[in-house]
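Visitor: Could you take me through one part of this protein up close? I'd like to look at the nonpolar patch on the surface and see how the rest fits around that spot.

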Amino acid sequence: CKVVSLRNFELKKAEVVRFDMSGAEVGMTIRNKSLFKVTIVGGELGAHYKGAPIGDIYMKNSVVLPRKSTTTVTLDVGLQFASPMAALTALGALTKSPGDITVTGYGEGKVWFVTKRFERRDVPLSKFIDIFGEPSQYL
């Protein structure tokens with residue numbers, strides 16, 4: 001589906017507004033270069049430490065990106081840890097060895113009745129650090 005394509009979007013700015021062990025609010029400024037209003041309707045990321053599951057990050061709200069615009073939206077995300085021990089492991093890994101954390105997941109965009117899923121596998125946490133900054137600033 002060429003209507004919803006990653007080439008049509010540019011993340012201009014991302015900032016964690018609120019963070020706690022149950023979730024976060026992320027302010028994002030996104031440029032939609034397409035001719036269509038796009039709604040980001042879902043997404044989920046699974047975090048892994050040295051291949052073992054830590055937990056999931058999932059969207060709790062939808063956001064609308066008007067056509068041919070740059071828009072700031074607030075994304076409400078939830079966190080669900082695989083276990084209490086996984087939560088402790090995640091905190092330790094974030095501060096001591098973030099290079100051992102990878103993320104796999106998807107996002108879904110919708111134009112009219114057409115929904116497209118964008119999937120990514122084994123993305124190093126460093127890619128997210130480049131966008132959102134060092135995890136230690138939120139702990």
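Guide: Here's a walk from the whole chain down to that patch. Keep in mind that this is a predicted model. The protein has 139 residues, and 35% of them count as buried. The accessible surface comes to about 8,300 Å², with 56% of that belonging to carbon and sulfur atoms.

Now the layout. You've got 2 helices and 8 strands, and from the N terminus they run β-β-β-β-β-β-α-β-β-α. Strand β6, residues 69–81, is a handy landmark: β2 (residues 23–32) pairs with β6 antiparallel through 10 bridges, and Glu25 has Asp76 in β6 as its bridge partner. β6 also pairs with β4 (residues 52–59), again antiparallel, over 5 bridges; there, Gly55 sits opposite Phe81 of β6. As for contacts between residues at least 6 apart in sequence, 57% join residues at least 24 apart.

On to the patch itself. Its members are Phe19, Met21, Met85, Leu88 and Leu91, and together they put about 470 Å² of accessible area on the surface. Helix α1, residues 84–96, is the biggest contributor, giving 3 residues. Phe19 comes from strand β1, residues 9–20. So is Phe19 buried or exposed? Neither, quite: its relative accessibility is 32%, so Phe19 counts as partly exposed, because that class lies between the 20% cut-off for buried and the 50% cut-off for exposed. That value also fits with Phe19 being in the patch, because patch residues need over 30%.

Technical notes: Residues are numbered from 1 along each chain as its sequence is written. This is a predicted model: local features need pLDDT of at least 70, side-chain atom pairs count only at pLDDT 80 or more; totals for chains, interfaces and linings use all residues. Side-chain values use heavy atoms; hydrogens and water are left out. Helices (H or I, at least four residues) and strands (E, at least two) are DSSP runs, numbered from the N terminus. Buried means under 20% relative accessible area, exposed over 50%, partly exposed in between (1.4 Å probe, protein chains only). Contact means heavy atoms within 4.5 Å. Accessible areas come from the Shrake-Rupley method with a 1.4 Å probe; for residues, only the protein chains shown count as cover. Two strands pair if DSSP finds at least two bridges between them. Patches are made of residues with over 30% relative accessible area and no salt bridge: like charges are joined within 9 Å, nonpolar side chains (Val, Leu, Ile, Met, Phe, Trp, Tyr) within 5 Å. A salt bridge is a side-chain nitrogen of Lys or Arg within 4 Å of a carboxyl oxygen of Asp or Glu.
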